[in-house]
Amino acid sequence: MPHVRGGHPEQREPGGGWGDVTGSGGGPVIRGGHGVPGPRQDYMAAFPDDEGDFGAAGEQKQAPQPPPPRDPYASVTDWDAVPEPADGGDGDRDGKKRGRNRALAGVAAAAMTTVLAVVVAGQVAGGAKGSDTRTKAAPGGARDTDDPASRSDRRPTPAEAKDEPPATYEQKMGQKNPMDAKLKASGDFAAISGFEKAPGKGQLFRYRVDVEEGLGLDGELFAQAVQKTLNDNRSWAHDGARTFERISSGKPDFVVTLASPGTTAAWCAKSGLDTTQDNVSCDSAATERVMINAYRWAQGAKTYGDAVQKEFGSAIFPYRQMLINHEVGHRLGFNHTDCTKDGGLAPVMQQQTKFLNHDGIKCKANPWAFPKG
């Protein structure tokens with residue numbers, strides 16, 4: 001490990017309390033079986049040997065040595081506060097007694113360190129085996145963590161406390177979506193799964209809904225809008241003449257397809273139709289697809305503006321209904337037509353994306369084939 005600056009400075013002292021230092025600037029090397037330092041030499045020196053002296057038998061006694069520097073990491077007992085012997089006392093004997101006391105304290109400290117090391121190691125090993133290490137307060141305390149009411153994972157979230165109702169069909173249909181007018185997406189289509197039975201008993205038309213991948217639009221909402229719009233009594237199902245059923249497998253009569261402007265243009269061109277001018281939709285009659293331009297579905301048209309917003313409460317919602325009715329109307333065999341009375345409703349087969357007024361006649365926006373129901 002590299003030398004680390006900061007923290008507490010190391011204070012080495014005689015007796016090996018920090019271990020043997022090897023090399024210049026190296027860390028301590030601890031000797032011993034368990035890595036726990038033993039008593040310092042000045043502690044051990046306080047015990048006499050078998051000959052009753054401090055050295056080997058026959059050796060000359062050493063002159064009294066001054067006490068070693070105080071160990072800043074030793075016991076907090078203030079050894080310097082131990083009173084010196086009174087006049088006439090045996091100072092040498094008292095000194096030996098103090099030395100023995102110090103040595104016993106050192107041995108006890110080393111033993112306690114060993115016990116603590118073993119206990120800590122056992123706790124770490126026990127935690128590694130998957131024991132529950134969550135902190136718990138003592139029972140009867142100021143806050144008992146065993147009480148489920150105090151646990152954060154049991155508290156209701158803001159959404160749970162006050163659920164927001166999901167957006168309704170009308171709300172979703174009344175919202176515009178971002179879309180690039182020049183987008184050309186993947187060209188791959190995915191059928192919207194599910195089955196919606198025809199509600200009426202008139203002439204049955206089975207259709208499928210495909211949505212181009214990569215549009216970022218709500219395909220389920222689009223499929224729902226097609227089914228609701230076509231089977232409305234103001235639409236082509238008027239007076240039970242027709243009924244429409246959505247399928248996702250089997251042979252359909254036609255496929256209502258939501259596609260990017262670029263892909264819409266490619267499929268309309270297969271039937272000799274140019275949708276690049278005014279970025280419109282089409283019924284590609286030479287194919288099975290009724291093409292709905294995703295840009296128009298997402299953004300609407302200028303003809304469906306403030307006046308429509310004021311009358312219908314939304315501009316994009318009635319425009320989307322008109323778009324479905326107009327293009328499916330072509331598939332059913334109806335051609336373009338215009339309003340003939342100033343101030344009258346534009347027929348659903350009028351090209352309302354391009355214009356409402358023509359030849360000095362002002363027409364009102366209308367999304368339905370039979371607006372009176």
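Analyst: Happy to start with the ground rule for rings: those of Phe, Tyr and Trp (its six-membered ring) count as a pair if their centres lie within 6.5 Å. This structure, which is a predicted model, holds eight aromatic pairs.

User: Why is the pair of phenylalanine 189 and tryptophan 267 called edge-to-face?

Analyst: The ring centres are 6.1 Å apart and the planes stand at 65°. Pairing needs centres within 6.5 Å, and edge-to-face needs planes over 60 degrees apart, so the pair of phenylalanine 189 and tryptophan 267 earns the label.

User: What makes this pair a link between distant parts of the chain?

Analyst: Phenylalanine 189 belongs to strand S3 (residues 189-191) and tryptophan 267 to helix H6 (residues 261-269), with their positions 78 residues apart in sequence. Phenylalanine 189 has a further partner: the charged end of arginine 289 sits over its ring, 4.2 Å from the centre. The distance part of that test asks for CZ of Arg within 6 Å of the ring centre.

User: What makes tyrosine 304 and tyrosine 319 an aromatic pair, and of which kind?

Analyst: Their centres are 5.4 Å apart and their planes are at 70°. Since the limits are 6.5 Å for pairing and over 60 degrees for edge-to-face, tyrosine 304 and tyrosine 319 form an edge-to-face pair. Tyrosine 304 sits in the loop between H7 and helix H8 (306-312), while tyrosine 319 is in helix H9, so the pair ties together parts 15 residues apart in sequence.

User: How do you know whether tyrosine 304 and tyrosine 319 are buried or exposed?

Analyst: Buried means under 20% relative accessible area. Tyrosine 304 has 3% and tyrosine 319 has 0%, so both count as buried.

User: And why is asparagine 279 called buried?

Analyst: Its relative accessible area is 13%, and the cut-off is under 20%, so asparagine 279 is buried. Asparagine 279 lies in the loop between H6 and S7. Leaving aside neighbours within four places in sequence, asparagine 279 is in contact with Ala181, Pro261, Asn293, Tyr295 and Arg296.

User: Which residues of H6 are buried, and what do they pack against?

Analyst: Pro261, Thr263, Thr264, Ala265, Trp267 and Cys268 are the buried ones in H6. They pack against S3, S4, S6, strand S7 (282-283), S8 and H7.

User: What makes glutamine 352 buried, and what surrounds it?

Analyst: With a relative accessible area of 1% against a limit of under 20%, glutamine 352 is buried. Glutamine 352 is found in the segment after H9. Setting aside residues up to four places away in sequence, glutamine 352 touches Thr303, Tyr304, Met322, Ala346, Pro347, Ala365 and Asn366. A polar atom of its side chain lies 2.8 Å from the backbone oxygen of asparagine 366.

User: How do you know whether aspartate 359 is buried or exposed?

Analyst: Exposed means over 50%, and aspartate 359 has 75% relative accessibility, so aspartate 359 counts as exposed. Like glutamine 352, aspartate 359 is in the segment after H9. Its side chain makes a polar contact with the side chain of histidine 358 at 3.3 Å, where the limit is within 3.5 Å.

User: What makes H5 mostly covered?

Analyst: Nine of its 12 residues are buried: Gly219, Leu221, Phe222, Ala223, Ala225, Val226, Gln227, Thr229 and Leu230. H5 reaches 17 Å from its first C-alpha to its last, close to the 16 Å expected at 1.5 Å a residue.

User: What caps the N-terminal end of H5?

Analyst: That is aspartate 218, with a side-chain oxygen 3.1 Å from the backbone nitrogen of glutamate 220. A polar contact needs its two atoms within 3.5 Å.

User: Which residues touch the most other members of the largest nonpolar core?

Analyst: Among its 47 residues, these are Phe222, Phe244, Leu258 and Trp297. Elements that give two or more residues to this core include helix H4 (169-173), strand S4 (203-212) and helix H5 (219-230). The largest share, seven residues, comes from H9. Apart from this core lies another of five residues, including Ala259, Trp267, Cys268 and Cys282.

Technical notes: Residues are numbered from 1 along each chain as its sequence is written. This is a predicted model: local features need pLDDT of at least 70, side-chain atom pairs count only at pLDDT 80 or more; totals for chains, interfaces and linings use all residues. Side-chain values use heavy atoms; hydrogens and water are left out. A nonpolar core is a set of buried Ala, Val, Leu, Ile, Met, Phe, Trp, Tyr and Cys residues joined through side-chain atoms within 4.5 Å. Buried means under 20% relative accessible area, exposed over 50%, partly exposed in between (1.4 Å probe, protein chains only). Helices (H or I, at least four residues) and strands (E, at least two) are DSSP runs, numbered from the N terminus. A polar contact is a pair of N or O atoms within 3.5 Å; within protein, one must be able to donate a hydrogen and the other to accept it, and residues adjacent in sequence count only if both atoms are side-chain atoms. Contact means heavy atoms within 4.5 Å. Rings of Phe, Tyr and Trp (its six-membered ring) pair if their centres lie within 6.5 Å; planes under 30 degrees apart count as stacked, over 60 as edge-to-face and the rest as tilted. A charge sits over a ring if NZ of Lys or CZ of Arg is within 6 Å of the ring centre and within 35 degrees of the ring normal. The expected span of a helix is 1.5 Å times one less than its number of residues.
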